[in-house]
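Here is a note for a colleague who is opening this model without having seen it before. The points below may be read beside the sequence and the structure.

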Amino acid sequence: MSKFSRRQLLIFFAGSAGAAVLGDKLFEGVSNVADAQTTPLTFTPIRLPHPLPIYQQQKNYLPTGIGQGQVLNASANTALSTYNVIDDVVVAPEYERYVIVGWGDKVFTNKDEYFGYNCDYTAFVPIGRTTEEGYLWVNHEYVSFPFSGLAPETPADLQGFPTAFASVIGRPLPSSNNIELQGEFLYNLGGSIVRISSRNASRHFKVVNDSKNRRIHGLSGLKINAQRKDAYKDVTSWGTLSYQQGDDKYLIGTGPAATEVFNISADGLGNKIIGTAYNCSGGITPWGTILSAEENFQGSSVFFVGVTEAVKPDGTQTGYTSGTTGATFGLVGEKYGWMVEIDPADPNFHPRKHTWLGRYRHENIALRVETGKRLVAYLGDDRRGGHTWKFVSSGTVSSPTSKANSQLFESGTLYVARYNPDGTGQWLPLQLNTPTNPIPPTTLSSVEFAALGSAQRDGRLPLPRRNGIAGQTQDGGAFNCDRTNETTALSGYQNKTLASFYPTQGAVLVDAFLAANLIGGTPTARPEDIEVHPFTKEVFIAYTDGAPGSDGYPDSRIFQVAKLNANVNATQQSGGIYKIIEDSADGTGTTFKWQKFAQGGEAGSIGGAGFANVDNLVFDTQANVWGVTDMSTSTHNGFNVGATGNQTTINHTVSGNVSNFTGVFGNNWLFFIPTSGPNAGQVLPFAYGPVRCEMTGPTFVGDTLIVAVQHPGEDCPINDGTLLNRSIEILNLDGTTFNQTRTVPRGSSWPSNISKNDGGQGQSTGVPRPSVIGIRRKNSTGRFI
C-alpha cells in the first residue's frame, strides 16, 4: 500500500487517542481538516526511475543535467522506458542546494587540520535565540575508496585508479598500510564542530571563524598512552604533522562499565578513553549537547579500521585483533560502541561515553525530556538481528535546558524491546536478576520456513559463549544457536539469570547485544533511526532491511525477512516504518503496543510503499515526515561496485533474499510524507543524491534543511566520463513488470561538478567529496515548506 486513508493516517501519526481528542485539529499549527484537504502541494516532486502513484496525479520534475530538467505532466502510464541518472543532489525545482562544508576544508585554527570524511548525522546548536548562527556538529562514520586504495574493502579492480586524498588534502598518503595511514584513517572518523552563519547576502549558511571550531576524532587523547606500562606507552603519535602528535583531549566513561569494567581494562588507563570513531547517527539534547552514536566499531582482518567486539564474561575484550587499528594503537574494544555526549560550545568538556545506554552498534537516539519526569531515551542497534532499546533514568528532570541533565544518563535502567505477534510488547530490563529465556531460532524463522521450507542462516541467534554450555570449552565471544543445534544447545541458556553469565552490571552493558538475545529481546530488521513524535510522544522507528545475516535473524513473525513466494509482485523485504505506543503516559512503563505503517518495496509490490531501506527520519514543524534511504552502494542502479560495473541480477520471479531489487530505485533519495492535505500519506520524492552516495542526517534549521551527502562515488573510479548502461526489470503500479534502459555515470565527481556559486568547482570530472549541504526554497519566505 503506497497511499493511506485519512483515518489510517490520523490514527498512525496522531495516535488512536489523538484522533478522538484532536477532532478537526490534526496537529498544532495546522488548520482544520477542510482547510488541510485543500492545501496544494508546494513543490514539484522529483521524477525517479521507478513508478510512484504521485506521478499519476501531479506534475513532476525529470532531471536532465546539472541544474537542468523538465516538468512532466501527470500521466496514467508512469513506466519510463529510459532513464538517465544525474550525478548531483537533484532537488525540487522550487528549491536550491548548496555546499556548506566538505571533506578536507581547512576551517580550524590549526591549518594542518581538516574537516573529516564520510559525513553522517548533523545537528545544530544555536548561539543565542536565533537560528541564523550556531554550531554545526557532523559525524564522520568511516573511510572508503576513493579516499585511498588501501581503505577497507576497496574492490580489487580499483587498484591503480586515481584516489582523492592528495588532490583534496594537498599531500599524499603512505603507499603501505602503516601506522601513519591507519592514524589518518582514524583521524577522519569521529566528528567536526564548526560555527556556521546565514547572516550574509545569499542567506546561505557558511562556516565562520571561531576558536571553538575543532575536531573530535578516533585518536583524540592519544597522548595518554604515555601513562601506560605496556608496549603501547610509546604509541603517542601517527606522523610528523602538528595534529598527528597525540593530545590530551581524551574522553571519559560514566555508569557501571566505567567503574566495573574500564578499571580492569588491559590498557591500564582506567576511565580515560582514547577517541570516538565509527560515528553514524545520533541525537541532540534540549540542553545543547550532542549525542553521537558509535556504530560499526567491530574490527576484522578485512574491515581493519576497528577494535575487538568480543568480550570475556567480565566485559573486557578477548584480546587485540591482529591487523586492526585497535591492535596498532592499543585501543581496547570495550571502550568503543557507546553513545557519546559532546558539548560543541565548551572545548573544555571531556566528551562522555554513557555506559548505561549499552554497548552495541549504536545508530541513533531520541529523547523524552519533560520537567518533573524521568528522562527516557530510545535507541537502536543497527545490525541484522539488532535490537530496539529504551533507557529510563533514575532521577528526574528539573529543567529541560539545564546541562545538569547530563548526569541523568549516569544512573537508570536499560531495557530491550520484545515484540509479540499480537501487536503488544514488553520492555525487558538488562539487569543481573533478569531471567534468561531466548526466543528459539525455530520460532524466529517460523514464517520463512513455513513458506520456503528453509530459513536463511538457519534462524541464527547469537548467545554469549560460555565454557560448559552447548559443548563450548572457552569463555567469551558469541555462540551461534540456530535451527540445527537448538534442540541440544538452547537448554543451557534457559531458566537462569544474567548473573549466571556476567559478574557485574557493567559487564552486562558491555555485552548488551548478546545479553539481550539471552533474555528474549526481539531481534529486529536493523533500526536505522528512532524519532519521538513531537506531540503524541509515540516512537517512530525506521527498520531498514529485514534480511538476516551473520549477526542474527530478525523475528519473521514481526518483520518481512524475505520475498516469500515467486509471484512477481510478492511483498519485498526492504524494511519499513513502525511505531511504538507506550502504555504509560510518561514512557517509563514496561509494556507497549506496536504498529507497522509502511512496508519497504516497489509501489507495485504487495504492501510496497515505493521506497527501500529507509534510514533517517525527521519531523518538520507541522509533524510531516521526512526520510532518506540507505540502499547498499553495491546495488545502486543495478550495478555492483568496482571498475567493471558488473550488473546485479533483478528477477522478480525469484523468492528468498532479494536485496538486489533495490537497484530499481536508482540513487539514494529524500522523501516527504505529508500528514495533511490532498496528498496525505503519499510518498513524495523531494530530492535524490549523487552517484553511489547516501543522504544522511537531515536537520531543519529555520527555512533550511541541512543534509549530509556521504560517500559520493564510493568504491568506484572517480568519474572520468564513463557511462554504464543496462536494461533493468521494474514493477509497474499494477504489479506487472517492464524493462527500462538505465544510464548512469560509473563514478562521481560531486560536488566538484557543480557551479562555484553553489560550492563546487565547475569540473565535470573532478574529485568527489563527502559534504554537508543546505537546501532552501528559492526566494524563501522564512519557512522550508
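1. A cavity is, on a 1 Å grid over the protein atoms alone, a set of points where a 1.4 Å probe fits but cannot get out, and its lining residues have an atom within 4 Å of a point. Grid points are joined across faces, edges and corners, and a volume is the space filled by probe spheres set on the points. This is a predicted model, in which local features need pLDDT of at least 70 and side-chain atom pairs count only at pLDDT 80 or more, while totals for chains, interfaces and linings use all residues. Residues are numbered from 1 along each chain as its sequence is written, and side-chain values use heavy atoms, with hydrogens and water left out.

2. The whole structure holds five cavities of 30 Å³ or more, and the largest has a volume of about 70 Å³. Its lining is made up of Asp545, Gln572, Gln573, Ser574, Ala612, Asn613, Val658, Ser659, Phe661, Thr662 and Phe665. Four of these lining residues are nonpolar, six are polar and one is charged (Ala, Val, Leu, Ile, Met, Phe, Trp, Tyr, Cys and Pro count as nonpolar, Asp, Glu, Lys and Arg as charged, and the others, Gly among them, as polar).

3. Helices (H or I, at least four residues) and strands (E, at least two) are DSSP runs numbered from the N terminus, and two strands pair if DSSP finds at least two bridges between them. An open sheet is formed by five strands in the order 4-33-32-31-30, with antiparallel pairing. Strand 4 (90–91) and strand 30 (614–619) each have a single partner strand, so one side of each is left without a neighbour in the sheet. Strand 30 is joined to strand 31 (residues 625–629) by four bridges in the antiparallel sense, and Val618 has Trp626 in strand 31 as its bridge partner.

4. Strand 1 (residues 60–65) and strand 2 run antiparallel and are joined by five bridges, with Tyr61 having Val71 in strand 2 as its bridge partner. The two strands form a hairpin with two residues between them, and Gly67 in the turn has a positive phi of about 70 degrees.

5. Ser75 belongs to the loop between strand 2 (68–72) and strand 3 (82–84). Is this residue buried, partly exposed or exposed? Ser75 has a relative accessible area of 30% and is therefore partly exposed (buried means under 20%, exposed over 50%, partly exposed in between, with a 1.4 Å probe and protein chains only). Not counting residues up to four places away in sequence, Ser75 touches Tyr55 and Gln56, where contact means heavy atoms within 4.5 Å. The C-alpha atoms of Ser75 and Tyr55 are separated by 6.5 Å, although these residues are 20 apart along the chain.

6. Helix 6 (residues 179–187) is mostly covered, as seven of its nine residues are buried. The buried residues of helix 6 pack against helix 5 (165–169), strand 10 (214–216) and helix 8 (325–329).

7. Pro745 lies in strand 37 (residues 737–745) and is buried, with a relative accessible area of 11%. Leaving aside neighbours within four places in sequence, Pro745 is in contact with Val85, Asp87, Val691, Asn719, Thr722 and Leu723.

Notes: On a 1 Å grid over the protein atoms alone, a cavity is a set of points where a 1.4 Å probe fits but cannot get out, and a pocket is an open set with protein on both sides within 12 Å along at least five of seven lines; lining residues have an atom within 4 Å of a point.
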